[in-house]
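The exercises below ask you to read a fold step by step, from its elements down to single residues. Keep the coordinates open and try each task before turning to its solution.

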Amino acid sequence: MTPTRLFEKVPSEFWNGWDPAVHTVVMVLVGYFALTVMIRISGPRTMAQMTPLDFVIAVTIGSTFGGSVISANVPVVQAVLALAMLILIQWLLAWVRRRSPRLRRIVDAPPVLVYYQGEFQPRAMRRHQLVEDDIHTAARKAGGGSLAGVSAVILQQDGALGVIHEERLDDASSINPFVQRLD
């Protein structure tokens with residue numbers, strides 16, 4: 001019995017022929033290799049801790065790759081071109097963002113001071129859906145048992161909470177731009 005005849009009676013929900021199966025194997029191999037090479041060439045910025053813009057690009061790249069792997073109607077060249085275009089867009093936006101403070105303000109969420117000098121910043125916490133427990137958790141993750149000795153907690157651009165201890169405050173140049181924006 002030939003392999004083709006073996007699958008003759010299998011419903012199409014389970015088996016749709018050899019062509020789609022071969023297409024999937026080729027797309028996974030070529031697509032994975034191409035994506036790995038493109039990400040390597042584009043540099044660490046593509047995979048750095050993500051800003052919201054980076055997250056959108058990463059999800060879109062994953063969706064594009066996944067869709068091209070399972071769709072027999074997407075040629076290899078089209079899938080690789082789509083992946084290359086998405087990485088190019090991410091790189092170009094990073095390049096323009098670096099040169100344009102105006103675009104940077106539009107694209108990047110600025111860091112937000114949510115705790116400063118012993119006081120929670122309720123308006124900022126409400127706006128960003130944070131509760132006091134989130135601040136305490138950040139202090140514990142930074143190796144503290146309490147907020148004693150913590151000078152500031154900042155909601156970073158990537159969504160992480162950064163804890164700055166009093167002994168590490170130095171000249172506060174990383175915090176001062178946000179202190180003026182307090183509630």
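## Overview of the chain

The protein chain holds 8 helices and 4 strands, and the model in which they appear is a predicted one.

**Exercise 1.** Work out in which order the elements of the protein chain follow one another from the N terminus, and what share of its 183 residues is buried.

*Solution.* Reading from the N terminus, the elements come as α-α-α-α-α-β-β-α-α-β-β-α. Turning to burial, 28% of the 183 residues in the protein chain are buried. The exposed area of the protein chain comes to about 12200 Å², and 61% of this is supplied by carbon and sulfur atoms. As for contacts with a separation of 6 or more, 57% of them are accounted for by residues 24 or more positions apart.

## Two helices and a serine

**Exercise 2.** Describe H2 and H4 by their spans, and determine which elements cover their buried residues.

*Solution.* Begin with H2, whose 25 residues reach 35 Å from the first C-alpha to the last, close to the 36 Å expected at 1.5 Å a residue. Its buried residues are His-23, Met-27, Gly-31, Ala-34, Leu-35, Met-38 and Ser-42, and they pack against H3 and H4.

Next take H4, which has 24 residues and spans 35 Å between its first and last C-alpha atoms, close to the expected 34 Å. In H4 the buried residues are Ala-79, Leu-83, Leu-86, Ile-87, Gln-90, Ala-94 and Arg-97, and their cover includes H2, helix H3 (52–70) and helix H5 (101–107).

**Exercise 3.** Explain why Ser-42 counts as buried, and identify the residues it touches beyond four places in sequence.

*Solution.* Ser-42 belongs to helix H2, which comprises residues 18–42. Because its relative accessibility is 14%, and the limit for a buried residue is under 20%, Ser-42 counts as buried. Leaving out residues up to four places away in sequence, Ser-42 touches Ile-87 and Trp-91. For Ile-87, which stands 45 residues from Ser-42 along the chain, the C-alpha separation is 7.3 Å.

**Exercise 4.** Find the residues that make up the nonpolar surface patch, and decide whether Leu-81 is buried or exposed.

*Solution.* The patch is formed by Leu-81, Met-85, Leu-88, Trp-91, Leu-92, Trp-95 and Val-96, which together have about 630 Å² of accessible area. Leu-81 lies in helix H4, residues 76–99. With a relative accessibility of 51%, set against a cut-off of over 50% for exposed residues, Leu-81 counts as exposed. Trp-91 therefore has two roles to note in the list of contacts and patches, since it is touched by Ser-42 and is also a member of the nonpolar patch.

## The sheet

**Exercise 5.** Establish the strand order of the sheet, explain why S2 and S4 are its edges, and trace the bridges that join the strands.

*Solution.* The sheet is open, with 4 strands in the order S2-S1-S3-S4 and antiparallel pairing. S2 and S4 each have a single partner strand, so one side of each is left without a neighbour in the sheet, and these two stand at the edges.

Moving across the sheet, S1 is joined to S2 by 2 bridges, and Tyr-115 has Phe-120 as its bridge partner in S2. S1 pairs with S3 over 4 bridges, again in the antiparallel sense; in S3, Tyr-115 is partnered by Val-153, while Val-112 stands opposite Leu-155. S1 is mostly covered, with 5 of its 5 residues buried. Finally, 5 bridges connect strand S3 (residues 150–155) to the antiparallel strand S4 (residues 161–165), where Gly-162 is the bridge partner of Ile-154.

## Positive phi values

**Exercise 6.** Locate Gln-117, Gln-129 and Gly-159, and compare their settings.

*Solution.* Gln-117 sits in the turn of the hairpin formed by S1 and S2, with 2 residues between the strands, and its phi is positive, about 50 degrees, although it is not a glycine. At 43% relative accessibility, Gln-117 counts as partly exposed.

Gln-129 is placed in the loop between helix H6 (122–127) and helix H7 (132–141). Its phi is near 55 degrees, a positive value in a residue other than glycine, and its relative accessible area of 67% makes it exposed.

Gly-159 belongs to the hairpin of S3 and S4, which has 5 residues between the strands, and takes a positive phi near 95 degrees.

Technical notes: Residues numbered from 1 in each chain as written. Predicted model: local features only at pLDDT ≥ 70, side-chain atom pairs only at ≥ 80, totals over all residues. Heavy atoms only, no water. Buried < 20%, exposed > 50% of the residue type's maximum accessible area, 1.4 Å probe, protein only. Contact = heavy atoms within 4.5 Å. Patch = residues over 30% accessible without salt bridge, like charges linked within 9 Å, V, L, I, M, F, W, Y side chains within 5 Å. Areas by Shrake-Rupley, 256 points an atom, 1.4 Å probe, with all protein chains shown as cover. Salt bridge = Lys/Arg side-chain N within 4 Å of Asp/Glu carboxyl O. Expected span 1.5 Å × (residues − 1). Pairing = 2+ DSSP bridges.
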